[in-house]
Amino acid sequence: MTSQPIAGEAGFRPASRIASVGISQILKIGIRAAEMKRDGLPVIVLGAGEPDFDTPANIKQAAKAAIDRGETKYTALDGTPALKQAIGEKFRRENGLDYATDEITVATGAKQILYNAFMASIDPGDEVIIPTPYWTSYSDIVKICGGIPVLVPCDAKDGFRLKPEQLQKAITPKTRWLLLNSPSNPSGAAYSAENYRPVLDVLLAHPHVWLMVDDIYEHIVYDGFRFATPAALEPKLKPRTLTINGVSKAYAMTGWRIGYAGGPKALVKAMAVIQSQSTSCPSSVSQAAALEALTGPQDYLEERRESFRQRRDLVVSALKRIPGISCRTPEGAFYTFADCSGLLGKTKPDGTRILSDHDFTDYVLEAGHVAMVPGSAFGLSPYIRISYATAKSELEEALRRIARCCEQLT
Ligand code: PLP
């Protein structure tokens, strides 16, 4: 269960398309943590899905200059020509991918790209294969669009990566898309070119299955990991691949809401139809900021990556010292997804027992004042997701508290 359906409040009948979709567990944990903070409790939240850095100054300056130039009107439907050109150059420079301007689309965040793509391509009953654990929005967006998320659990021992035989088994005549995310939210696991190969080979044998890849954490990879993206690895798949990216995570621009994608012209055109009847275009000022992000200096990406790496190492080594918790070292993103199966069945100081990852995160929030997200929110239990996009001193304190809470279990 990833989210709780909206309760039918008096006088309101929710549309059937949102019957099984609701407010995410992550949001609920955030609400509870905020309540506790208001009550004066020293809560540390390890749930953030965004970098704790500020948007770089040159990007902010570009936005201010755009306002001063009067770039405050509607823009072209799915991106200004200048931004599309910069995105095309980014794809060529960083990914070895050649997309023409009419194969590029810009939206209000990568989330809207996903939404546009599914709205434009899914009919009721169409299936979308989603390796699990997965970012909660994937399955909810598919459901809103009338599709069926086909969740395929991926083991920690396989690096949380989809195995070719699993993909082969999940494909049916109804399969419309396979959705891959590397590095992943929530696991931080990433596919190297070698990891991708057998999965792409399965797709080659199934021409009716299209591939959507979410590369939004591309720049947050560690230890020399070489980021790879499927449309570049296998050109035969490019005509049925949508390569999604955005500026939110790499450039600390979550609030600016700019995401983009490269893909086949017909799909991109259909996505523009959806966008034309929702947001009309992404924010003009944010597009100017994203243009600067993609064309301006890139040196801070390395500095920030190094800062995230240090924090990843801190969190992983502290978690590994806690009996009952184990975790692999993620290749990227800013999350760890740790196995807490060794704590299930243990008794809390109040005499009740921990029966699930949700029980454990609840216990640590109430007793240790640290907010984490249970694996159940991402479709795989028993795990905990820790976001380490938080100051080192806070992380150290949070991990001390988690360890103390675990010591108190019998
Ligand atoms: N894709 C993944 C895997 C994410 O974790 C997120 C945000 O948390 C997004 C996409 C959304 O990005 P955006 O801010 O561009 O909508």
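**Exercises: the ligand and its pocket**

A polar side-chain atom of Asp-214 sits 2.5 Å from a nitrogen atom of the ligand, which fits a polar contact (a pair of N or O atoms within 3.5 Å). This is a predicted model, where local features need pLDDT of at least 70, side-chain atom pairs count only at pLDDT 80 or more, and totals for chains, interfaces and linings use all residues. Residues are numbered from 1 along each chain as its sequence is written, and side-chain values use heavy atoms, with hydrogens and water left out.

**Exercise 1.** Find which polar side-chain atoms lie 2.7 Å from an oxygen atom of the ligand.

*Solution.* Start with Ser-248: one of its polar side-chain atoms is 2.7 Å from a ligand oxygen. Then take Lys-249, where a polar side-chain atom is 2.7 Å from an oxygen atom of the ligand. Now add the cover: the protein hides 93% of the 400 Å² of accessible area that the ligand has on its own (Shrake-Rupley method, 1.4 Å probe).

**Exercise 2.** Sort the shell around the ligand by residue class.

*Solution.* The shell divides into five nonpolar, four polar and four charged residues; Gly counts as polar here.

**Exercise 3.** Describe the largest pocket through its volume and its lining.

*Solution.* First, the volume is about 880 Å³, meaning the space filled by probe spheres set on the grid points. Next, among the 35 lining residues, Lys-111, Trp-135, Ser-137, Lys-249 and Arg-257 are the closest to the centre. Helix H5 (136–144) is one of the elements that give two or more residues to this lining, and H5 gives the most, with six residues. Finally, the lining divides into 14 nonpolar, 14 polar and seven charged residues.

Technical notes:
A polar contact is a pair of N or O atoms within 3.5 Å; within protein, one must be able to donate a hydrogen and the other to accept it, and residues adjacent in sequence count only if both atoms are side-chain atoms. On a 1 Å grid over the protein atoms alone, a cavity is a set of points where a 1.4 Å probe fits but cannot get out, and a pocket is an open set with protein on both sides within 12 Å along at least five of seven lines; lining residues have an atom within 4 Å of a point. Helices (H or I, at least four residues) and strands (E, at least two) are DSSP runs, numbered from the N terminus.
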